[in-house]
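Visitor: I am new to this kind of picture. Could you pick a single part, go through it closely, and then place it in the rest of the chain?

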Amino acid sequence: MSGLYEGVLRGFDERRRAEVVAAYMAVEHAAEPVPEVRFAALREPALRRAVEQMLALNGRTLIRSEQTRWISGYRDEVAEALAEDPACVPGVRERAVLTLVLIHSVAIPRAAGQLADDSWLSPHPTPVDELRRRTQLPVGELEAALRRLRLAGLVAQVKAGPDEAGGFVPGAQFHRLTDAARRRLQEELILAAGPDSPLAAAIRARRRGRGEST
């Protein structure tokens, strides 16, 4: 483990150090949130603070999922800075396709009461045919955009079951959203799906009041 973390780990004995490092590696590299029952350093507040301190050294933070599961993600101020770097932002085609997946896999099922308000993962795949109908991208460009989104963990492909069509759902990276990032994404989805709605107008007014970009 890098000397960068020595200041955090110095006060622990060998066993505790190993527990903290194991939890840190798990939340950083797991595709899904990890259950705290498997890691003492996620169950015990003092050790969990050490994991948080290690993450903070890299601009990361610890995110709770389903009360007893944890994963890491970028701190809000770091995510905002990265979003200003074109090299860190998906291209316009990828953003358009991802928006369609979020609308059809999350926004519509949520409006129908089929998803929890804070969930950005969904068991309701957006069929490829629906994506083809809703976008003006040529088929080859659509497939290329989906491929890049899959590689980035932003969408996942769900195979068709015997009685249902397969398609695309939000990927594992959506586990790594902080509460503030979830709220921001919710607003962006409202602005994309219903730009002329009263709710969208309220979001734009609130952002102007805070001096934020709309």
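Guide: What follows starts with one helix and its surroundings, and then moves out to the rest of the chain.

This is a predicted model, in which local features need pLDDT of at least 70 and side-chain atom pairs count only at pLDDT 80 or more, while totals for chains, interfaces and linings use all residues. Residues are numbered from 1 along each chain as its sequence is written, and side-chain values use heavy atoms, with hydrogens and water left out.

The part is helix α6, residues 92-111. Helices (H or I, at least four residues) and strands (E, at least two) are DSSP runs, numbered from the N terminus. The axes of α6 and α8 come within 9 Å and cross at roughly 80 degrees. Such axes are lines fitted to C-alpha atoms, for helices over the stretch in contact, and the angles run from 0 to 180 degrees between N-to-C directions. Angles under 35 degrees count as roughly parallel, over 145 as roughly antiparallel, 65 to 115 as roughly perpendicular and the rest as oblique. The pair α6 and α8 is therefore roughly perpendicular. Where they meet, α6 supplies Arg-93, Glu-94, Val-97 and Leu-98, and α8 supplies Glu-141, Leu-142, Ala-145, Leu-146, Arg-148 and Leu-149. Contact here means heavy atoms within 4.5 Å.

Arg-110 is also a residue of α6. Arg-110 counts as buried because its relative accessibility is 12%; buried means under 20% relative accessible area, exposed over 50%, and partly exposed in between (1.4 Å probe, protein chains only). Leaving out residues up to four places away in sequence, Arg-110 touches Leu-115, Ala-116, Asp-117, Asp-118, Ser-119, Trp-120 and Gln-186.

Thr-135 sits in the loop between α7 (128-134) and α8 (139-151). With neighbours within four places in sequence set aside, Thr-135 is in contact with Leu-100 and Leu-142. Thr-135 is buried because its relative accessibility is 15%. Its side chain reaches the backbone nitrogen of Leu-137 at 3.1 Å. A polar contact is a pair of N or O atoms within 3.5 Å; within protein, one must be able to donate a hydrogen and the other to accept it, and residues adjacent in sequence count only if both atoms are side-chain atoms.

Now for the wider setting. The domain assignment, which is automatic or from a database, gives domain 1 (3-80) and domain 2 (92-176). Their C-alpha centres lie 30 Å apart.

Another helix pair is α2 (residues 14-29) and α4 (residues 45-56), whose axes come within 9 Å and cross at roughly 55 degrees. These two helices are therefore oblique to each other. Among the residues making this contact are Val-20, Ala-23 and Val-27 of α2 and Leu-47, Val-51 and Leu-55 of α4.

Glu-66 is in the loop between β2 (60-65) and β3 (69-74), and Gln-67 is found there too. Most residues other than glycine have a negative phi. Glu-66 has a positive phi near 55 degrees, and Gln-67 has one of about 70 degrees. Glu-66 counts as exposed because its relative accessibility is 62%, and Gln-67 because its value is 59%.

The whole chain has ten helices and five strands, and 38% of its 214 residues are buried.
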